[in-house]
Amino acid sequence: MNKPNIVILGAGYGGMMTTVNLQKKLGANQANITLVNENNYHYISTSLHETAAGTLHHDRTRVTIKDVIKSNVNFIEDTVVSIHPDKKTVTLKNQELTYDVLVVALGFEMATFGIPGLEENAFAITDTDSSRLIREQIEYNFAMYHNEKEKTEGRLNFIVGGAGFTGIEFVGELANRIPELCKEYDVSPSEVRIVSVEGAPTVMPGFDEALIEYATNSLEARGVEIITGAMLKEVKPDGIVFERDGELEEIKSLTTVWAAGVKANSIVEQSGFETNRGKVQVREDMRAPDYDDVFVVGDCALIMNNETERPYPPTAQIAVQAAEVVAANVKAHIENNAMHGFEPNLMGTVASLGHNDAIGSILNDRKIFGWKATVMKKVIDNRYYFKLGGIPLLLKKGKFNIFY
Ligand code: FAD
Ligand code: NAD
């Protein structure tokens, strides 16, 4: 191959780490590396719940892409419209690209399951823009409260649909933020409700029972109402409808945040790749089954766990690990060398419950709670900054308020 064009679509965990690894592995004369992303920044999606709750400014949860990539990478700020793997082209909003090797890393979007009113009336924690909109929506309703003579029912009811990890991390942050907002806007805490609505019998279904109990107690102690066994059925401009024990119930609210599931970026399915549940079920070497020159990484890739015969969950942890293998395999591909297989090495899961509480199951199912888990969560976040941009990025964006 004569100085091949390597094109990477998406600058999330998978795309950024693939780019950073490739820029180290390949000399400027070996390949043209192009990274495409719709914004000039990489948002840290694992911290978006903090942006959404207003507990962490969005500039602390995003990184300017040019601060991390080197001059041997061409960065294009544009939106991917479609991929044409048969023609080896990608259509962007403002131009057309051709590639020799493609890495698809376009991430996740909200899964709405066809629930009526969801797209029109609910908010979602998907990117920086959607998260700061939630922050503004919450604050706007506090600001409105004393500015209307006839109080709108449910103005200070904040509903979160889905109590998986995203929903739980968000209500944990919100439970910390509400007392601050009450003080700022002279509102009694008794006027405010945070309601978590979960379809399964417990929050974080499938996670360790003791950790679920700890999380439930921690959140309820801070005023969060947790309703389990309740499937959200409709989102209206002024409230939600959910079904519990065969009965429909309604809660008034102007703010419903949907955190009940994600799916792969729909561009993947629309571009004609062979898909399974909307994702590309990649080969061991992370290539698409039907195209030798297309790699897929992050939430667009479906990686089967051969032990459980179920797909691995879509996580940043796996996206970062897979990106290292993808970068090595892209290099091997253009040099006609053998590629490596990828097997996730799960290090555990740590979920925050607000800035001063967390839970985790790490290294051989060791359970951690409270401040130890909070510290571990920050260590994980800081480790990523170090991997991505070394000590300079760690010092700029890292979370050092370890015992806060
Ligand atoms: P993404 O991070 O989704 O990045 C996709 C990139 O592509 C973005 O930069 C986006 O702007 C860009 N893009 C999308 N469409 C286009 C387009 N059409 N044109 C151009 N650019 C485009 N996982 C963990 O392992 N640990 C955690 O603690 C954790 N916490 C989480 C907390 C929250 C609140 C959420 C929502 C998720 C969390 N996850 C966590 C899951 C994790 O964030 C995802 O698995 C991970 O972000 C997937 O990485 P990715 O590279 O596939 O895509
Ligand atoms: P999820 O699919 O893990 O959880 C969605 C939750 O919504 C489930 O509990 C489900 O039962 C519930 N649900 C679905 N439909 C519903 C309905 N109609 N009404 C009520 N409840 C409904 O999604 P997520 O929490 O967004 O997580 C996405 C991925 O990101 C997962 O792989 C997760 O592990 C990862 N993540 C990890 C962390 C962490 O490690 N700290 C944090 C956030 C997300």
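In what order do the three strands of the open antiparallel sheet stand? I shall answer that shortly, after a word on the model.

Good morning, colleagues. This is a predicted model, in which local features need pLDDT of at least 70, side-chain atom pairs count only at pLDDT 80 or more, and totals for chains, interfaces and linings use all residues. Residues are numbered from 1 along each chain as its sequence is written, chains are lettered from A and ligands numbered from 1 in the order in which they are written, and side-chain values use heavy atoms, with hydrogens and water left out.

To the opening question: the order is β15-β16-β17, and the pairing is antiparallel. Strands here are DSSP runs (E, at least two residues), helices are runs of H or I with at least four residues, and both are numbered from the N terminus. Two strands count as paired if DSSP finds at least two bridges between them. β15 and β17 each have a single partner strand, so one side of each is left without a neighbour in the sheet. From one strand to the next, the twist averages 25°; the axes behind such angles are lines fitted to C-alpha atoms, for helices over the stretch in contact, and angles run from 0 to 180 degrees between N-to-C directions.

Let us follow this sheet strand by strand. β15 pairs with β16 (residues 239-244) over six bridges in the antiparallel sense, and a hairpin of two residues connects them. Within that pairing, Val235 has Ile240 in β16 as its bridge partner. β16 is in turn joined to β17 (residues 247-252) by six bridges, again antiparallel. Glu243 has Leu248 in β17 as its bridge partner, while Arg244 is matched with Glu247. The β16-β17 hairpin also has two residues between its strands, and Asp245 in the turn has a positive phi of about 50°.

As general background, strands of a sheet pair through backbone hydrogen bonds, either parallel or antiparallel.

A parallel case is present here as well. Five strands form an open sheet in the order β11-β18-β12-β13-β14. Its edge strands are β11 (122-124) and β14 (224-227), each pairing on one side only. Neighbouring strands are turned by 25° against each other on average, direction ignored. Inside this sheet, four bridges join β12 (residues 157-161) to β18 (residues 255-258), and Phe158 stands opposite Thr255 in β18.

I turn now to ligand 1. Which residues come nearest to ligand 1? Of the 30 residues around it, they are Gly14, Glu38, Ser45, Asp299 and Lys377; a residue is near if one of its heavy atoms lies within 4 Å. By class, this shell has eleven nonpolar, 14 polar and five charged residues. The nonpolar class holds Ala, Val, Leu, Ile, Met, Phe, Trp, Tyr, Cys and Pro, the charged class holds Asp, Glu, Lys and Arg, and the others, Gly among them, are polar. α1 (13-25), α5 and α8 (316-334) each supply at least two residues of the shell.

Why does ligand 1 lie between two domains? Domain 1 (5-38 + 78-110 + 263-345) and domain 2 (113-259 + 347-404) both give residues to its shell, so ligand 1 lies between them. The domain bounds come from an automatic or database domain assignment.

Oxygen atoms of ligand 1 make contacts with the backbone: a backbone N or O atom of Gln317 lies 3.0 Å from one, and a polar backbone atom of Pro314 is 3.3 Å from one. The protein covers 90% of the 1,000 Å² of accessible area that ligand 1 has on its own; such areas come from the Shrake-Rupley method with a 1.4 Å probe, and for residues, only the protein chains shown count as cover.

Finally, ligand 2. Around it are 25 residues, of which Thr166, Glu198, Leu232, Pro314 and Val350 come nearest. The shell has 15 nonpolar, seven polar and three charged residues. α5 (165-184), β15 (230-236) and β25 (348-352) each supply at least two of them, which brings us back to a strand of the antiparallel sheet, β15. Domain 1 and domain 2 each contribute at least three residues.

A backbone N or O atom of Pro314 lies 2.9 Å from an oxygen atom of ligand 2. One nitrogen atom of ligand 2 is 3.2 Å from a side-chain N or O atom of Glu169. The protein covers 76% of the 850 Å² that ligand 2 has accessible on its own. Thank you for your attention.

Technical notes
A polar contact is a pair of N or O atoms within 3.5 Å; within protein, one must be able to donate a hydrogen and the other to accept it, and residues adjacent in sequence count only if both atoms are side-chain atoms.
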